[in-house]
Amino acid sequence: MGAELALIYYSSKSGNTERFVTRLGWPAARIPIDADAPLPDQGDPFVLICPTYADGEGRGAVPKQVIRFLNDPARREKLVGVIGTGNRNFGATYAMSGRIIADKCKVPLLCSFELAGTDTDIARIREGLTKLGKTLCSTAT
Amino acid sequence: MKDMPQTKIPRAINWNRLDDDKDLEVWNRLTVNFWLPEKVPLSNDIPSWATLTDHEKELTIRVFTGLTLLDTIQNTVGAPSLMPDAVTPHEEAVLTNIAFMEAVHARSYSSIFSTLCSTKEIDEAFRWSDENPHLQAKAKAILDTYAPGNDPLKRKIASVFLESFLFYSGFYLPMYWSSRAKLTNTADLIRLIIRDEAVHGYYIGYKFQLGYEQLDEARQQELKDYAFNLMFELYGIENQYTEELYDQIGLTEDVKVFLHYNANKALQNLGFEALFPPEVSEVNPAILAALSPDSENHDFFSGSGSSYVIGKAVATEDEDWDF
């Protein structure tokens, strides 16, 4: 049996992702906003939740702190999937950070949700994480 | 001379010393996203406009004059009313950008009109907007909150509701036309407006949260009650406005779901929880696709996409990636 699937997330000062993770009730570590703060250690397989901050052309979609976190190959190796968040009002760049990270890190894009998520998002992500955790456990042994 | 009021000279703004880096982040986002209606080839919609019935044309023009009124309010009263409450000089600068873009939005509707409509149709629609009781009621509810001397945080609540909720009974229609491959250039322009309003609602909501966090519990509760009461009041007006506009075309129920969805998002911008439950807030997928075309994600969790499909996003140039 492996450890439970871990969750890592980024949330800026506006706090949407933070509020989502609190309601989700899944143990999670936050990538700090402060560029000088230590990044969370990650020994177990984890899912990343990342908001999108893209301009109209898609630039700057992934927060610099998340890039800094993923630049470490040891952490990247433990990344099993990504959830992108955003606001559909940003059109084609909606939740784009999830697609970019999936592409860069060669992991599946698990799903996306808007702002702080809805009750439906909470339910489907809790269920999805549980299932994915079990799948990884059975393939690991 | 001693009693003469002192002229307050602002300090020169230094963008290299930030009290709140969100100000610079949002300033950059807004300035990079700057656009003008001339950028959009609206005249390509002339053949499509000709396929609409007289009633559909009238509805579309009326919806756009309603949106013009909200943009006018936000340009001349809303965003300027937030400036004296700014806690950083950079916030004030961001608000000047927001105010100006609202003027660009208001101006854009007139570009649509001059491209597609006759002077008579345009004048009739503006007369309609001057007299429509529901439109006037929502304008009044917001303007009362913007009045000088009112609570700065209540002003932000009203501003977020205008930016993130009140526009959407109107935005629905161009998204609906776009989903049926009509007025697609107009829809492109509206999407630029929607993108701007999303940043505005986000930023003003964020500034609200900063002020709210510093209050004691009793004051927080008072403001939260105020926010939900104002939302109920505006929602009531929006329901009537929606029925008057959309009953004849049979879209009222679809628009109301869109209102619920956007009301929830407006409350989230303020840091509050959703008001309407998921079962009445699940927007027609065609409208969602019109809002964010080309952003569809393969959803691994729901199994709606192929397993382990890697994102196809164009990798954005960013020197920060090491791999």
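**Rings, burial and annotated sites in a predicted model**

Trainee: What lies over the face of Tyr226(B), and at what distance from the ring centre?

Mentor: Lys154(B) lies over the face of Tyr226(B), 4.8 Å from the ring centre. The cut-off for a charge over a ring is 6 Å from its centre, so a value of 4.8 Å satisfies the distance condition. I should add that this is a predicted model.

Trainee: Which lysine lies over the face of Tyr241(B)?

Mentor: That residue is Lys138(B), placed at 4.0 Å from the ring centre. This value, too, is within the 6 Å limit.

Trainee: How many aromatic pairs does the structure hold, over all chains?

Mentor: There are 22 aromatic pairs over all chains. One of them joins Phe46(A) and Phe69(A), with 5.8 Å between the ring centres and 80° between the planes. Centres within 6.5 Å make a pair and planes over 60 degrees apart make it edge-to-face, so Phe46(A) and Phe69(A) meet both conditions.

Trainee: Which parts of chain A does the pair of Phe46(A) and Phe69(A) tie together?

Mentor: Phe46(A) belongs to strand E3 (residues 46–50) and Phe69(A) to helix H2 (residues 64–70), so the pair ties together parts that are 23 residues apart in sequence.

Trainee: Are Phe46(A) and Phe69(A) buried or exposed?

Mentor: Phe46(A) has a relative accessible area of 0%, and Phe69(A) has 0%. Buried means under 20%, so Phe46(A) is buried, and Phe69(A) is buried by that criterion.

Trainee: Why is the pair of Tyr168(B) and Phe258(B) called edge-to-face?

Mentor: The ring centres of Tyr168(B) and Phe258(B) lie 5.9 Å apart, with the planes at 70°; the angle is over 60 degrees, so the pair is edge-to-face. Tyr168(B) sits in helix H8 (residues 168–179) of chain B and Phe258(B) in helix H11 (residues 252–269) of chain B, so this pair links parts 90 residues apart. Tyr168(B) is buried at 1% relative accessible area, and Phe258(B) is buried at 0%.

Trainee: Into what do ring pairs link Tyr168(B) and Phe258(B)?

Mentor: Ring pairs link these two into a cluster that also holds, among others, Phe167(B), Phe171(B), Tyr246(B) and Tyr261(B).

Trainee: How do you know that the buried residues of H1(B) line one face of the helix?

Mentor: The buried residues are Lys22(B), Asp23(B), Val26(B), Arg29(B) and Leu30(B). Viewed down the axis, they fall within an arc of 135°, so they line one face. An α-helix has 3.6 residues a turn, so residues three or four places apart point the same way. The buried residues of H1(B) pack against H4 and helix H9 (184–213) of chain B. H1(B) itself spans residues 21–32 and reaches 17 Å from first to last C-alpha, close to the expected 16 Å.

Trainee: Where does UniProt place the feature "active site"?

Mentor: The unreviewed UniProt entry places it at Tyr109(B), a residue of helix H4 (residues 89–116) of chain B. Its relative accessibility is 0%, under the 20% limit, so Tyr109(B) counts as buried. Beyond its sequence neighbours, the contacts of Tyr109(B) include Phe64(B), Asp71(B) and Phe171(B).

Trainee: Which residues does the UniProt annotation "binding site" cover?

Mentor: In the unreviewed entry, the annotation covers Asp71(B), Glu102(B) and His105(B). They span 35 residues in sequence, yet no two of their C-alpha atoms are more than 6.5 Å apart, so they gather at one spot.

Trainee: Are Glu102(B) and His105(B) buried or exposed?

Mentor: Glu102(B) is buried, at 0% relative accessible area, and His105(B) counts as buried at 0%. Helix H4 of chain B holds Glu102(B) and also His105(B). Leaving aside sequence neighbours, Glu102(B) is in contact with residues including Asp71(B), Glu197(B) and His200(B). The contacts of His105(B) include Trp35(B), Asp71(B), Glu197(B) and His200(B).

Trainee: What makes Met175(B) count as buried?

Mentor: Met175(B) has 0% relative accessibility, which is under 20%, so it counts as buried. Met175(B) lies in helix H8 of chain B, and its contacts beyond sequence neighbours include Ala187(B), Ile190(B) and Leu291(B).

Conventions. Residues numbered from 1 in each chain as written. Chains lettered and ligands numbered in written order. Predicted model: local features only at pLDDT ≥ 70, side-chain atom pairs only at ≥ 80, totals over all residues. Heavy atoms only, no water. Phe/Tyr/Trp six-rings, centres within 6.5 Å; stacked < 30°, edge-to-face > 60°. Helix = DSSP H or I, 4+ residues; strand = E, 2+ residues; numbered from the N terminus. Buried < 20%, exposed > 50% of the residue type's maximum accessible area, 1.4 Å probe, protein only. Lys NZ or Arg CZ within 6 Å of the ring centre and 35° of its normal. UniProt positions renumbered as here; feature names shortened; annotations may be inferred. Contact = heavy atoms within 4.5 Å. Expected span 1.5 Å × (residues − 1). Arc of directions from axis to C-beta.
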